[in-house]
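Biologist: I am new to this one and would like to go through it by question and answer. Please show it first.

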Amino acid sequence: MVYKQYADYYDVVIIGNGIAGNSAATAIGQAVIEKLRVLIISEEDAPLYSPCVMGGYICEDINLDKMFLKTRTDYQNEGIDCALGVEINDVALINKKMVLNSNIVNFGKLIFATGSYPVLPPIQGSQKKGVFFLKTIYDAVKIKFNQARRAVVVGSGPVGIEVAVALKSKGMDVTIIEFLPRLLPKLLDTEAAQFLHNSLVEHGINILLNEKVKSINGNSHVTSVLTENNEVPCEIVVLATGMKPRVDLAKLCNIEIGRLGGIVVDKFLKTNYDDVYACGDCIESVGAFSRENELSLLWHNARKQGEIAGYNSIGFKKPYVGVTNIVAINAFGHFLGSIGYTASDLLSKNRRAEAVKITQSKANLWLIEENGLLV
Amino acid sequence: MAFKILSINAELCTGCRACELVCSLSKYDACNPRKSAISIMKVEAYGIDLPVVCQHCDSPLCRDVCPVNALTRNTDTGAINLLSDVCIGCRACTLVCPYGAIKLDPDTGKTIKCDLCGGDPKCVKFCETGTLIYEKPFITTYQRQTQYLKKVEHTLLSGREID
Ligand SMILES: Cc1cc2nc3c(=O)[nH]c(=O)nc-3n(C[C@H](O)[C@H](O)[C@H](O)COP(=O)(O)OP(=O)(O)OC[C@H]3O[C@@H](n4cnc5c(N)ncnc54)[C@H](O)[C@@H]3O)c2cc1C
C-alpha cells in the first residue's frame with residue numbers, strides 16, 4: 001500500500017490514537033471556526049476503539065464493530081489526517097520537526113497521548129506461547145480465538161476480573177491468581193471484595209489469593225502455572241498485572257517524568273516544554289480530591305484530559321480539575337462500582353477511615369467515612 | 001448561543017406524575033414510570049415531591065465514563081442524547097450521575113435518559129402546575145426573580161409609610 005503523503009506543516013500533531021488523542025482532536029475541531037491542520041499518529045493500525053468493552057467482545061456479548069468508535073472515514077469527515085501504523089521514535093522538540101515514513105513534518109503544537117502498556121511481571125516463562133496480555137484490540141482477538149480449555153488469569157485488577165468473567169462465560173475453566181489477600185485490591189475493601197469473590201466462585205471461577213506466581217511452565221507452549229503452593233494446569237495465561245504510562249518517547253525528548261512514572265504536566269496539561277501538552281494514561285496528574293499526584297489510567301479521565309489538552313494547545317486556558325477514580329464492572333450480571341478511595345488506601349496514608357455498609361433492597365453500598373464524615 | 005434549559009420549581013410540584021406518564025408514552029408507547037426519563041421522587045412522610053431529570057451538564061460525567069461514546073451532545077438542543085443502539089447497558093452512567101437522573105430500561109437493560117424531546121419536551125407541555133419550565137436561561141432567571149419578589153413584596157412594602 002502506498003502511504004498517503006503528509007502535509008509539510010500541521011498546527012497540531014497528536015501522538016496516540018486512543019480516547020485521549022481523539023478527544024483532543026475533536027476539541028480542536030469544535031473550538032475554532034477556521035480549519036486547523038491536525039494529524040493523529042499511532043503505532044497501531046486501527047481506528048479508535050474502546051478497550052473497556054473487550055471483555056464483552058471476548059465472550060461474544062458484543063461484536064467487533066461495536067468496539068470501534070470511529071471508522072477511517074470519520075477522521076476524513078472531521079478533517080483530521082492520520083498516520084496509523086507508524087511508530088514515532090524521535091521528535092525534535094526545539095525545531096518542532098519529526099520524521100514520519102521518511103517525510104519531514106513540521107508542527108506548531110504537539111500533544112503526547114501515548115497511553116499505557118501492560119506491566120510484565122518478573123515471572124519465568126512469560127515469553128511462552130499461550131501467554132497473553134490484554135491491552136490492544138489485537139490481544140482481544142488473539143484471546144478470543146484461542147482453542148484452550150483451561151485458563152489462568154494472573155492479577156485481579158479490573159482487567160483481570162473482566163477477562164476471567166469473559167473466559168468463564170465462554171465455557172473455559174478459569175483460575176485467578178492474586179498476590180494480595182483480596183480481589184480488586186485497589187478498588188474494594190475486604191467486605192465488598194468478599195461479595196465479588198462469592199459471586200465469581202458461585203459461577204465456577206477458581207480463586208487463589210495470597211499466592212505469588214513463580215513460573216509459567218511448558219516446553220514452547222504453556223502447560224501450567226506454578227505458584228508457591230500450587231500448580232495449576234492450563235493452556236493459556238493472561239497476565240493482567242497492571243498498566244504503566246508509556247513514556248519512552250517523551251523521556252527521549254527530555255520531557256520531565258514524575259516520581260510515579262508518568263509525564264509531569266501543569267494544571268493546563270502543559271509539559272515542561274512550551275507548546276507541548278500531554279494527556280491520558282501517559283501522564284500523572286493531581287487527584288481531584290487528594291490534591292496529590294496520581295496515575296489514573298482510566299477512560300473518563302483520559303477523555304476529559306484529551307479535551308482540555310486539545311483546547312489549551314490552541315490557545316485556550318482551561319484548567320484541569322483532576323482525576324477521579326470511578327470503575328464499573330459487570331460480573332455475571334452483578335454490577336459493581338467503585339468511586340473514590342478505599343478505606344484501606346486511606347489507612348495506609350495514616351487516615352482513620354472505615355468502610356460503613358448500607359444495604360438497600362438488592363444493593364449493597366459501602367461508604368468510606370472518617371470521623372463520622374463521608375470522605 | 002444559549003440553549004433553552006429545562007428548569008424545575010419543586011415548590012409547585014404536586015406529584016401528579018403526568019410528566020412520567022407522557023414521557024414513557026411518547027418514548028416507549030407505555031404508561032410506565034419505570035420507563036420514563038423524568039422521575040418524581042416522593043417522600044410521603046414529609047409530603048415532598050421532587051422531579052428528577054437530566055440537567056444536561058456542561059461537563060457531563062456520564063458522557064465521560066461511557067465506554068462506547070453512546071452519549072453525545074446534540075448541537076441543536078444542547079441535550080446530552082443517548083444513541084440507544086450503541087449503548088451496551090454497562091451502567092457506568094447510572095453509577096456516576098449526581099442526580100440519579102439516568103435509569104435503566106427494565107426490559108432491555110439499556111440506559112433511559114432525557115433528550116429534551118428534540119427541543120419540545122412533552123413533560124413540560126403536560127405539566128399543569130408550572131413546575132417544569134423550558135425556556136432560555138435569561139427568561140428562567142427573570143421568572144425566578146419574579147417569584148422571589150412575590151415572596152418578599154409584602155415585607156418590602158410594609159416597611160414603607162403609605163397612607
Ligand atoms: C481490557 C481493558 C479494560 C479497560 N476497562 C476500563 C473500564 O472499564 N473503565 C475505565 O475507565 N477504563 C478502562 N480501561 C482503561 C482505558 O482503556 C484507558 O484508560 C484508556 O484507553 C487510555 O486512553 P489513552 O488514549 O490515554 O491511551 P491508549 O488507549 O493506550 O492509546 C495510546 C496510543 O498511543 C499510541 N502510541 C504510543 N506510543 C507511540 C509512539 N511512540 N508512536 C506512535 N504511536 C504511539 C498507541 O499506538 C495508541 O494508539 C481498560 C483498559 C483495558 C486494557
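Biologist: Is A:Asn101 buried, partly exposed or exposed?
Modeller: Bear in mind that this is a predicted model. A:Asn101 sits in the loop between β5 (97-100) and β6 of chain A. Its relative accessible area is 33%, and the class in between runs from 20% to 50%. A:Asn101 is therefore partly exposed.

Biologist: What is the phi of A:Asn101 near?
Modeller: Most residues other than glycine have a negative phi. A:Asn101 is not a glycine, yet its phi is positive. The value is near 45°.

Biologist: Which residue in the loop between β7 (111-112) and α4 of chain B has a positive phi?
Modeller: The residue in question is not a glycine, and its phi is about 55°. It is buried, with a relative accessible area of 3%. The residue found in that loop is B:Leu116.

Biologist: Which residue just after α1(B) takes a positive phi?
Modeller: Helix α1 of chain B covers residues 18-28. The residue just after α1(B) has a phi of about 55°. That residue is B:Asp29.

Biologist: Which residues of helix α1 of chain B are buried?
Modeller: A residue counts as buried under 20% relative accessible area. What covers the buried residues of α1(B) includes β2 (39-43), α4 (122-125) and β8 (132-135) of chain B. The buried residues of the helix are B:Cys19, B:Glu20, B:Val22, B:Cys23 and B:Ser24.

Biologist: With which residue does B:Glu20 meet in a salt bridge?
Modeller: B:Glu20 is charged and counts as buried at 2% relative accessibility. Its partner counts as partly exposed, at 31%. The two side chains meet at 3.0 Å, N to O, and the partner is B:Arg17.

Biologist: What is the order of the elements of chain B from the N terminus on?
Modeller: Chain B has 5 helices and 8 strands. Its C-alpha atoms fill a box of roughly 70 × 40 × 25 Å along the principal axes. From the N terminus on, the order is β-α-β-β-α-β-β-α-β-β-α-β-α.

Biologist: How much of chain B counts as buried?
Modeller: The accessible surface of chain B is about 9,500 Å², and carbon and sulfur atoms hold 55% of that. Of the contacts in chain B between residues at least 6 apart in sequence, 56% join residues at least 24 apart. Among its 163 residues, the buried share is 37%.

Biologist: How far apart in the chain are A:Lys109 and A:Asp275?
Modeller: A:Lys109 and A:Asp275 form a salt bridge, with the closest N and O atoms 2.9 Å apart. A:Lys109 lies in strand β6 (residues 103-112) of chain A, and A:Asp275 in the loop between β17 (263-264) and β18 (276-278). A:Lys109 is partly exposed at 24%, and A:Asp275 is partly exposed at 21%. Along the chain, this pair is 166 residues apart.

Biologist: Is A:Lys70 buried or exposed?
Modeller: The side chain of A:Lys70 meets that of A:Glu78 in a salt bridge of 3.1 Å, N to O. A:Glu78 counts as partly exposed, at 28% relative accessibility. A:Lys70 has a relative accessible area of 10%, which means that it is buried.

Biologist: What area is buried between chain A and chain B?
Modeller: The size of an interface is often given as the accessible area lost when the parts come together. Here the contact takes 19 residues from chain A and 19 residues from chain B. Carbon and sulfur atoms give 63% of the buried area, which is about 1,500 Å².

Biologist: Which residues in chain A lose the most area to chain B?
Modeller: The answer is a set of residues that together make up 35% of what that side buries. They are A:Lys66, A:Arg303 and A:Phe335.

Biologist: Which residue of chain B forms a salt bridge with A:Glu307?
Modeller: The count between chain A and chain B is 1 salt bridge, while 9 residue pairs are in polar contact. The closest N and O atoms of the salt bridge are 3.2 Å apart, and the partner of A:Glu307 is B:Arg63.

Biologist: Which element gives the most to the side of chain A that touches chain B?
Modeller: At least two residues each come from α9 (299-313), β21 (326-331) and β22 (334-339) of chain A. The residues of that side divide into 11 nonpolar, 4 polar and 4 charged. With 5 residues, the element that gives the most is α9(A).

Notes. Residues numbered from 1 in each chain as written. Chains lettered and ligands numbered in written order. Predicted model: local features only at pLDDT ≥ 70, side-chain atom pairs only at ≥ 80, totals over all residues. Heavy atoms only, no water. Contact = heavy atoms within 4.5 Å. Buried area = accessible area lost by both parts, 1.4 Å probe. Salt bridge = Lys/Arg side-chain N within 4 Å of Asp/Glu carboxyl O. Polar contact = N/O pair within 3.5 Å; in protein donor to acceptor, adjacent residues only side chain to side chain. Helix = DSSP H or I, 4+ residues; strand = E, 2+ residues; numbered from the N terminus. Buried < 20%, exposed > 50% of the residue type's maximum accessible area, 1.4 Å probe, protein only. Areas by Shrake-Rupley, 256 points an atom, 1.4 Å probe, with all protein chains shown as cover.
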